[in-house]
Amino acid sequence: MKEKNSVRKLAVMAMLVAVSVVLTFFIHFPLFPAASFLEYDPADIPIFIGTFLFGPVSGLLLTVVTSVVQGLTVSASSGPIGILMHIFATGSFALIAGNLYRRLHTRKGAVLSLIVGTLSITAMMVLWNLVFTPIFMGQPIEAVKAMLVPVIIPFNLLKAGVNSLITFLVYKRVSVFVERMGLITLDSADKIRYNN
């Protein structure tokens, strides 16, 4: 039974990776004309959902696999730098928000986890934009610093915030749907706590 559940969990995680890549292929656009290289995409929504379903370690694994697949296919133009930045930023969400939601497994806990996760992504992107963007864009670090407040911080707050909001709206339906498909089994606590 344990092996069967492990296979089912891997199947769900593989589906989440596939959905993430497909979403990025169809939906990606710049939010700020001054920084067209910063594009919104909903790739993190399946990762956020997987983190809430299976915990922080699985969320981090989802992040790494999705980042690599996405970086080699639909986001190939961003190269290894894009892959690393995605892993660092969304990986911080998986670990921080995933652990927080595991301890506060309620509706309020979900909201708090998503807010903290959004802030962690934004903080990580500030750091890694300072490290990688001068290399990626061939610009001095001073130019990147000048973009932090007007562009980089609001972009990442908006992107992660929108993805978190959508995750909050669809998570319960997705978790119940996945259980009804027989792919995972949610215990009774998992079913009711999110309603509180």
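What follows is a tutorial dialogue on reading the features of this predicted model.

Q: Let's begin with the overall layout. How many helices and strands does the protein have, and in which pattern do they come along the sequence?

A: The usual opening move is to list the secondary structure from one end to the other. Here you'll find seven helices and two strands, and along the sequence they run α-β-β-α-α-α-α-α-α.

Q: Okay, and what share of the residues counts as buried?

A: Burial is judged by relative accessible area, with under 20% as the cut-off. By that test, 45% of the 196 residues in the protein are buried. On the outside, the protein exposes about 10000 Å², and carbon and sulfur atoms supply 72% of that area.

Q: What part of the contacts comes from residues 24 or more positions apart?

A: Look at contacts with a separation of 6 or more; in this protein, residues 24 or more positions apart account for 69% of them.

Q: Now a single element. How many residues of α2 are buried?

A: Go through a helix residue by residue and count the covered ones. For α2, mostly covered, the count is eleven of eleven. The buried residues include D44, I45 and P46 at the start of the list and F52, L53 and F54 at the end of it. Right after α2 comes G55, with a positive phi near 105 degrees.

Q: How do I read a helix pair? At what angle do α2 and α3 cross?

A: Take the axis of each helix, then ask how close the axes come and at what angle they cross. Helix α2 covers residues 44-54 and helix α3 residues 56-72; their axes come within 7 Å and cross at roughly 155 degrees. An angle over 145 degrees counts as roughly antiparallel, so α2 is roughly antiparallel to α3. As for the hand, this crossing is right-handed.

Q: Which residues make the α2 and α3 contact?

A: From α2 you have P46, I47, G50, T51 and F54, and they meet P56, S58, G59, L62, T63 and T66 of α3. Sorted by class, that contact has five nonpolar and six polar residues, with no charged ones.

Q: α2 also passes α4. How close do those axes come?

A: Same routine. The axes of α2 and α4 (residues 79-103) come within 9 Å and cross at roughly 35 degrees, and the crossing is right-handed. On the α2 side the residues are D44, I47, F48, T51, F52 and F54; among their partners in α4 are H86, F93, Y101 and R102. The classes here are eight nonpolar, four polar and two charged.

Q: Then there's α5 with α6. Are they roughly parallel or roughly antiparallel?

A: Check the angle before the label. Helix α5 spans residues 107-137 and helix α6 residues 141-180; the axes come within 8 Å, crossing at roughly 155 degrees. The two are therefore roughly antiparallel to each other. The crossing of α5 and α6 is right-handed, and its contact residues split into 17 nonpolar, eight polar and two charged.

Q: Let's zoom in on one residue in that pair. Is V126 buried or exposed?

A: For a single residue, place it in its element, then read its accessibility and its contacts. V126 lies in helix α5 and, at 19% relative accessibility, counts as buried. Beyond its neighbours within four places in sequence, V126 touches L148 and I153. Its C-alpha is 9.6 Å from that of A89, 37 residues away along the chain.

Q: And S67, what is it in contact with?

A: S67 sits in helix α3 and is buried, with a relative accessible area of 2%. Leaving out neighbours within four places in sequence, its contacts are I83, H86 and I87.

Q: Where is F37, and what does it touch?

A: Loops are read just like helices. F37 is in the loop between β1 (29-30) and β2 (39-40), and with a relative accessible area of 27% it is partly exposed. Setting aside neighbours within four places in sequence, F37 contacts T133, M137 and M147. F37 and S78 are 41 residues apart in sequence, while their C-alpha atoms are 9.0 Å apart.

Q: Last one: where is V19?

A: V19 belongs to helix α1 (residues 2-26) and is partly exposed, at 40% relative accessible area. P42 is 23 residues from V19 in sequence, with 9.8 Å between the two C-alpha atoms.

Terms used:
Residues are numbered from 1 along each chain as its sequence is written. This is a predicted model: local features need pLDDT of at least 70, side-chain atom pairs count only at pLDDT 80 or more; totals for chains, interfaces and linings use all residues. Side-chain values use heavy atoms; hydrogens and water are left out. Helices (H or I, at least four residues) and strands (E, at least two) are DSSP runs, numbered from the N terminus. Buried means under 20% relative accessible area, exposed over 50%, partly exposed in between (1.4 Å probe, protein chains only). Contact means heavy atoms within 4.5 Å. Accessible areas come from the Shrake-Rupley method with a 1.4 Å probe; for residues, only the protein chains shown count as cover. Axes are lines fitted to C-alpha atoms, for helices over the stretch in contact, and angles run from 0 to 180 degrees between N-to-C directions. Angles under 35 degrees count as roughly parallel, over 145 as roughly antiparallel, 65 to 115 as roughly perpendicular and the rest as oblique. A crossing is left-handed if the near helix is turned anticlockwise from the far one by less than a right angle, and right-handed if clockwise. Ala, Val, Leu, Ile, Met, Phe, Trp, Tyr, Cys and Pro count as nonpolar, Asp, Glu, Lys and Arg as charged, and the others, Gly among them, as polar.
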